[in-house]
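Trainee: Got a minute to go through this model with me? I'd like to start with how its core is put together.
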Amino acid sequence: MVDALDEAASPETLCATILRPLIQHSNGRIRLLLGTRPHLLPQLGLQRHEQIDLDAERYADAEAILAYTIRNLVSGNSKSPYRRHSLSAWLPIATEVATAAGHSFLIARITAGTLAATPHIPDHRDHNWRSSLPRHAGHAMAHDLSVRLGVDADRATDLLRPLAYAYGQGLPWEDVWARLATAISGRPYTDEDIQWLRRIAGSYIIEAVEDDRSAYRLYHQSLAEYLREGIDSTAVHAAFVSTLSSRVPQAVDGYLNWSRAHPYTLRNLAAHAAQGNVLDGILTESEFLVQAAPDGLAPYLRHARTELGELSSAVYLASIGVHRHLAPNARRRLLAIDAMRYRANLLASALKSRMDPGETWRPVHATGGDVSPALMNTLIKHESSVYRVACTELDGRPVAVTTTDGEVWVWDLLSGRPRGNPLTGHSDAIVDALAVLSVDGRLVAVTGGHDGTVRAWDLVAAQQIGEPLIEKYWVNDIACAMADGRPIAIAAGDDGTVRMWDLATRKPIESPIAGYRSKVSSIACTKINERSVVVTGEENGTVRTWDLTSGRSFGKPLIGQGRRLFSITCATLDGREIAVSSGGGTAEVWDLTSGRLVGEPFIPHQGSSGPVVGITDLNGKIAALTSGDDGTVQPWNLATKQPIGELLVGHEDFLNDIACTELDGRPVAVTGGSDGTVRVWDLTSRRSVGSPLTGHREIVFASACANIEGRPVAITGARDGVVMLWDLTSGNSIGEPLTIARGEVQAVACAVVAGKPLAVTCSYGGAVQLWELASRRFVGELLGPGDGGVSAVACATVDGQPIAVTGGRDGTIQLWDLSSRKPIGKLPTTAHGAVRSVACSMVDGKLVIVVCSTDDRGQVRALHFQQTIDGILGGSDNMVDWYDAMLPDEQSAAASDFECKVLPLDLGSKNPRGHGDSLNDVACALMGGRPVALTGSMDGTVRLWDLITQRCLDTFLLPGTCTSLAAHDDFLIATFGADISAFEKFH
């Protein structure tokens, strides 16, 4: 038995981690009796009408209320006058009190306590006395304070009022409570007043524990409601902000030391600031952004109104999915990168100035092509893709239902937190069909997975409803609708059949549509002239409409472009019911009543195989949201087929689904992608934020660092064949982009030949080309032995002569004279698979070459070669002074000049030497003459290794998946998506 659950220190935690799992998984084997206030029932997965509601009239117990009143009249005060008289003398008093209290034991307790503290027993026949008896808990408290304290009643009320506005488990006492009472009331109070309050009115206060510290809140919610009556809540919350901020200690440099702020402040300051209309003021505090609890800050950033406030919000939210669970130091470096992406220079400088001295590599520049101020939240980073998204309401709050591998998640969109644990049942199979519907007052989700089952879930109780609706049935899509009062689920099977179920009875429905056999790839439901209909899209591009009640098709089939349809979405446009079909990169709008195409088909995203479509009302216009293979989202005016606003960028991979809803009256989109994230976007028009430096439009796969004419530069190449040169001192691009005709750039390097800076590029086809950077002119190729399948390139100058070193997919390492563009030497094959990266430099009169390669098992080898200048320029094909320095196990390899340890990195491993995910890129470099390796993983982690000592020199996170790495002397380049970040070594 658990009583007074709502008065626990952490009732939400108890519900989510202990009680709800007991209820869900006990299957009747545990008898559990819980006592709680109704607001916790949804968190237990319970519905109020199914429980014993002790507030209901049938459970009213007047005798128990009377007995409770009698007991409190006697024991409520040691000097109670009721102790000196027989019960018969004052029973009428107790009866009147109990009658006024109604069903409330709280009111009876407070009123009886007030009378027990009064020296005289009132006349129960006095009409005025009976009329004055409280009938509400707040009024009972006010009456009690007035009777017992007289002129000090206002003093007690002032001191209690801050508790009525506290969040979480309550308000901390230390140096905060009395100051808040002063700020709110305008009268001075000290800790001595708080001690007095606890002596004379301690029964109204509960002491809880939060963050291993005492926290204080009011005994009952009705007391808080009374204390807030007639009060300017905006001013109170603003007073909270000023008071809590004033108690943040100062650091030695004079700035606020937010790392020492009270946990209550870090968790709740943003909530108070949003309610007090002063949020923008605290968003200028860079260290508050670093130290604040992300789940206590992110949900309120949509309330920022000033230019600086919106800029800070956009920076904070850009990588919220990455830094939400990071320690403050790691979050600070990531925020500094995102501040540079937005060119929020003051914020970036403030963040960098507070970085830990031990953090060697500090961000100095970043591009912002993949940032969007429309991003409101990133809910999670799943290990698997997010396949489907549906938006609805649960317990009066907007939620998103999402599916991943074997799991169904429910997200509270206001808080950004999951509602309980994910629902499991599809084993680990992909769940890529989802629909949501209310059935008999219960919110039900219907899902289809690659395990061949269709399942129904009670989202309130957070559990599966019975056995699967069907097994061994693989579905392409699922839709739900009401027809003649019946909740119906419709599934399109991969075998060409369409099946239907009555969700109330869980029985299959036989109808003509269920017997129709065609390759239906997508389904949607709508109403036409009050008739419930199903709209199906077939693999051959045909769209059909069906009467859901009769199951018969009506109207002519709508024949489109003959492409497979990936999605069907229904809406109302200019009073007409329409369907938007998409597939093969083309979207078409159909009038479902006339059966005609509305306007011409349009291509939302060039090069996209099948845009996902969501529809919403945007500023009075019906808008379709489409996504491309690049993960971007574009809103379109369906009437004009013209784009609305800017692209929404941020997903690192293609999108699988889009759903639309409203938050605080704003239209928003919720997207799920193959990058494992669920993102929430504000679709309302807004001013531009910051001035992001844009560079590449496509994913950057290649990068290199070099010195050209004494200037440190970086060169980068992208999937679309564009190569760009960057000044690492200013962070700006140099000249116009260079476009490689042969497509995707896999490797780049820089060299100076005959006094002219050249770019050396390696494209996907393996060609190595030379480009004059000043004119962007093609000047030749490296041709000769080993010219096929080149995957890596680096450049150096040997005794004034420029050379290039290339690595091949077959493990070949070739040296080239860049002046003559002829091969001058060949190193022994690595015999360990494709070369991933190569670096070279002159060290102590010798050319040092470092090569990283991977084999079929995903192992990485770092090989170190060195040779004298004479051996190289003499054209030697036998470079014998070389050794393995493989990245980290305890083997060792002997060489002529060194002995070093062998350090293997397993790319196929889930956690290769500290990375949280599989490696995505490996690069090598020479820094200060020492060979180093850079490893970047799918989770955005970058590690820098000294190949001689095997020591990890630094570790940091990027805002997204690392796509390429490069380093040279004091600079390090890391790319993610289409963006580039530059780091400088801190001395």
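Mentor: Sure, and keep in mind it's a predicted model. By nonpolar core I mean a set of buried Ala, Val, Leu, Ile, Met, Phe, Trp, Tyr and Cys residues joined through side-chain atoms within 4.5 Å.

Trainee: OK, so which residues in the largest nonpolar core touch the most other members?
Mentor: Leu-145, Leu-160, Trp-177, Leu-197, Leu-297 and Tyr-316, out of 102 residues.

Trainee: What does Trp-177 touch?
Mentor: Leaving out residues up to four places away in sequence, Trp-177 touches Leu-159, Pro-162, Leu-163, Leu-171, Pro-172, Ile-194, Leu-197, Ile-205 and Tyr-216. There's also a second, separate core of 19 residues, with Ala-433, Val-439, Ile-478 and Ala-491 among them.

Trainee: Back to Trp-177. Which residues of helix α8 are buried?
Mentor: In α8, residues 177–185, they're Trp-177, Ala-178, Leu-180 and Ala-181. Down the helix axis these buried residues fall within an arc of 160°, so they line one face of α8.

Trainee: And what covers them?
Mentor: The cover includes helices α7, α9 and α11, plus strands β1 and β2. Just after α8 comes Gly-186, with a positive phi of about 85°.

Trainee: Switching topic: how do α6 and α9 cross?
Mentor: Their axes come within 12 Å and cross at roughly 100°, which means α6 is roughly perpendicular to α9.

Trainee: Which residues make that contact?
Mentor: Leu-145, Arg-148 and Leu-149 from α6, against Trp-196, Ile-200 and Ala-201 from α9. Five of the contact residues are nonpolar, one is charged and none is polar.

How values were computed
Residues numbered from 1 in each chain as written. Predicted model: local features only at pLDDT ≥ 70, side-chain atom pairs only at ≥ 80, totals over all residues. Heavy atoms only, no water. Axes fitted to C-alpha atoms, helices over the stretch in contact; angles between N-to-C directions. Helix = DSSP H or I, 4+ residues; strand = E, 2+ residues; numbered from the N terminus. Parallel < 35°, antiparallel > 145°, perpendicular 65-115°, else oblique. Contact = heavy atoms within 4.5 Å. Nonpolar A, V, L, I, M, F, W, Y, C, P; charged D, E, K, R; others polar. Buried < 20%, exposed > 50% of the residue type's maximum accessible area, 1.4 Å probe, protein only. Arc of directions from axis to C-beta.
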